[in-house]
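Grab a pencil and keep the viewer open while you work through these exercises. Try each task yourself before you read the solution.

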Amino acid sequence: MNDNQQYRPGVMEYIKKAEKFLAKKETHMKFMKSLKFDTIAVHGLYSVEEAINNNQGAVIEPLYLSTSQAYRDSDELEAALAYLIPTWCYTRIANPTTYYLEWVLALLEGYQTGYDTSCLVTSSGMSAIMSAVDPFLVKQKEGQESINFVSSIQLYGGTFQHFSVRKMQERGIEVRWVLHPEDINDWKEKIDENTRFLYVEAPSNPQQSFCDVKSLADLAHSWEIPFIFDSTCATPALLRPIAYGTDIVIHSLTKTITSGGLAIGGALISRKPIVSKIKNDNLLFKESFAEYVKFFPYRDNGPASSPMNALFAINDLRTLRSKVDLVSKNCQKVADFLSNHPRVSKVDYLGHPSFHLHQLAKKYMKLVDSDDGTGENVNRYGHLMSFHVEGPPENARKVFDKFKIIFRATDLGRIKSVATIPAISTHQQQGEEARKMADIPPQLIRLCVGAENPDDIIGDLDQALRSL
Ligand SMILES: *Cc1c(COP(=O)(O)O)cnc(C)c1O
């Protein structure tokens with residue numbers, strides 16, 4: 001900050017004080033990084049010292065509902081609003097409760113990746129996606145300019161709509177769909193000098209598509225563009241894409257991370273720095289993309305998270321690793337049952353040895369801080385799976401309508417087992433042709449297995465299938 005001289009002495013005082021605070025935060029962050037995943041998930045950056053000195057000793061992160069922060073004097077106000085000191089000023093920009101969530105997510109996605117990370121929490125997964133992609137879709141020169149990005153077509157229905165309607169139809173940005181994200185050549189053929197980023201969702205909802213994370217990050221970087229990865233289904237407990245060079249990770253916090261199901265939320269976590277050839281004068285753009293988005297476009301666009309929702313997410317994710325372990329094991333058991341059931345024609349689950357992407361997923365999907373006895377992490381594949389009910393689409397509806405324990409809802413990532421028929425719900429809007437391309441037939445039931453005893457879920461499925 002060379003131009004500090006232009007600020008009043010009072011403002012300079014606040015900047016000096018902030019530097020001390022930041023140095024302390026840095027030291028504490030280093031300490032947290034030396035700890036294990038579970039410890040980070042339970043504590044985040046909320047230390048004993050912070051509780052005692054700043055929060056009346058509260059053991060749990062406090063909920064700050066106040067929409068704004070008061071300042072001591074005009075100098076502090078000026079320093080804060082010019083972003084010269086860390087501040088939260090107004091909940092649309094920042095909030096102390098949301099701050100704890102942002103940092104715990106940054107630490108968990110960065111865990112043992114060898115990279116520093118930063119995070120922005122948003123009101124929903126969709127607004128995290130919008131916030132992540134928009135800064136790369138800006139004009140770079142005068143006059144006509146054709147812009148494209150390359151994305152796998154196996155996406156959450158809302159993301160497909162956002163890309164095909166909001167970007168392609170409304171803004172004329174070309175979306176080049178990759179039908180087989182596991183095939184690197186499919187991507188190579190579609191990239192050119194006007195491509196702004198590569199986008200993937202893996203494992204995808206609901207098809208369980210997957211990709212070679214490292215090769216795709218390398219491919220993106222060979223074109224000097226970022227690789228953006230929706231990692232909602234994996235969560236950092238099973239995969240940290242940044243370890244393989246991914247630039248930006250997206251989460252719908254609404255799902256497995258907030259498995260209790262009481263809050264909508266999204267997150268954008270970026271590697272420091274990201275790769276991009278977009279011209280942007282702001283140093284943060286490349287150095288700390290999530291913070292760039294937070295302080296500028298997000299501030300101006302307004303998709304802020306509610307601090308209440310942030311606290312629900314903080315509370316649920318403390319036990320993320322053990323929960324994901326449990327529900328993955330439950331899902332594996334249910335998938336094994338279904339794949340031997342005479343009324344089921346096909347099971348899509350990455351954990352199933354006969355599934356065509358099993359070997360690829362096996363390379364990447366591993367429970368963090370686990371040990372299989374030989375020093376390797378154990379493979380876990382999450383709690384989302386799909387199965388195809390034998391016969392006409394009507395059969396899938398019949399089975400679905402018979403569930404007694406499993407909830408019928410367009411939801412996933414829950415502590416409770418939830419199922420949907422994507423063709424008539426989450427993926428209804430995209431139409432039959434796009435569903436075909438994305439491999440979502442009407443016989444497919446998506447099932448996300450919760451933390452119930454899996455034998456009871458198997459019993460529920462069995463009685464429903466037997467009713468055919
Ligand atoms: C649900 C979901 C989203 C959208 O998140 P919201 O929080 O519902 O806005 C994005 N990606 C995936 C993979 C999802 O499952």
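**Exercise 1: Two domains meeting**

How much area do domain 1 and domain 2 bury between them?

*Solution.* Before we start, keep in mind that this is a predicted model.

Step 1. Find the two parts. Domain 1 is made of residues 35-64 + 95-313, and domain 2 covers 320-465. Their C-alpha centres lie 24 Å apart.

Step 2. Look at who touches whom. On the domain 1 side, 42 residues are in contact with 42 residues of domain 2.

Step 3. Now the area. The two domains bury about 3,500 Å² between them, and 63% of that is on carbon and sulfur atoms. In domain 1, the residues that lose the most area to domain 2 are Pro206, Gln208 and Leu238, which together make up 22% of what that side buries.

**Exercise 2: Polar links across the boundary**

Work out how many salt bridges and how many residue pairs in polar contact there are between domain 1 and domain 2.

*Solution.* Step 1. Start with the charged pairs. Side chains of opposite charge can pair when their charged atoms come close. Between domain 1 and domain 2, the count is two salt bridges.

Step 2. Check out a salt bridge for yourself: the side chains of Arg321 and Asp38 meet at 3.0 Å, N to O.

Step 3. Add the polar contacts. There are 18 residue pairs of this kind between the domains, with both residues at pLDDT 80 or more. On the side of domain 1 that touches domain 2, the elements giving two or more residues are α2 (37-43), α7 (157-171), α9 (213-222) and α10 (235-238). The largest share, four residues, comes from α10.

**Exercise 3: Salt bridges, one by one**

Take the salt bridges Lys329 with Asp325, Glu390 with Arg343, and Glu432 with Lys436. Where do the partners sit, and are they buried or exposed?

*Solution.* For context, a search of the whole structure finds 27 salt bridges.

Step 1. Lys329 and Asp325 have their closest N and O atoms 3.8 Å apart. Both residues lie in helix α15 (residues 320-339), four residues apart, or about one turn of the helix. Lys329, at 43% relative accessibility, is partly exposed. Asp325 has a relative accessible area of just 16%, so it counts as buried; the cut-off for buried is under 20%.

Step 2. For Glu390 and Arg343, the closest N and O atoms are also separated by 3.8 Å. Glu390 lies in the loop between β9 and α17 (393-401), and Arg343 in the loop between α15 and β8 (344-348), so this pair ties together parts that are 47 residues apart in sequence. Glu390 is partly exposed at 32% relative accessibility, and Arg343 is partly exposed too, at 31%.

Step 3. Glu432 and Lys436 have their closest N and O atoms 3.9 Å apart. They are four residues apart in helix α18 (residues 431-437), so about one helical turn separates them. Glu432 is exposed at 54%, and Lys436 is exposed at 65%.

Step 4. Salt bridges can also share partners: Asp134, Lys167 and Arg171 are joined into one network that way.

**Exercise 4: Building a sheet**

What is the order of the strands in the open sheet of five strands, and which strands stand at the edges?

*Solution.* Step 1. Write down the order: β8-β9-β12-β11-β10, with mixed pairing. The edge strands are β8 and β10 (407-408), each with a single partner strand, so one side of each has no neighbour in the sheet.

Step 2. Go through the pairings. β9 (residues 384-389) and β12 are antiparallel, over five bridges. β11 (residues 418-420) and β12 are antiparallel as well, over three bridges. β10 and β11, though, run parallel and are joined by two bridges.

Step 3. Pick out some bridge partners. Leu447 in β12 is the partner of Met385, and Leu447 is also the partner of Ala419. Phe407 has Val418 in β11 as its bridge partner.

**Exercise 5: Inside β12**

Why is strand β12 described as largely enclosed by the rest of the structure?

*Solution.* Step 1. Count the buried residues. β12 spans residues 444-448, and five of its five residues are buried, so the strand is largely enclosed by the rest of the structure.

Step 2. Sort the residues by direction. In a regular strand the side chains alternate between the two faces of the sheet. Here Leu444, Arg446 and Cys448 point one way, Ile445 and Leu447 point the other way, and all are buried.

Note on methods: Residues numbered from 1 in each chain as written. Predicted model: local features only at pLDDT ≥ 70, side-chain atom pairs only at ≥ 80, totals over all residues. Heavy atoms only, no water. Buried < 20%, exposed > 50% of the residue type's maximum accessible area, 1.4 Å probe, protein only. Pairing = 2+ DSSP bridges. Domains from an automatic or database assignment. Contact = heavy atoms within 4.5 Å. Buried area = accessible area lost by both parts, 1.4 Å probe. Salt bridge = Lys/Arg side-chain N within 4 Å of Asp/Glu carboxyl O. Polar contact = N/O pair within 3.5 Å; in protein donor to acceptor, adjacent residues only side chain to side chain.
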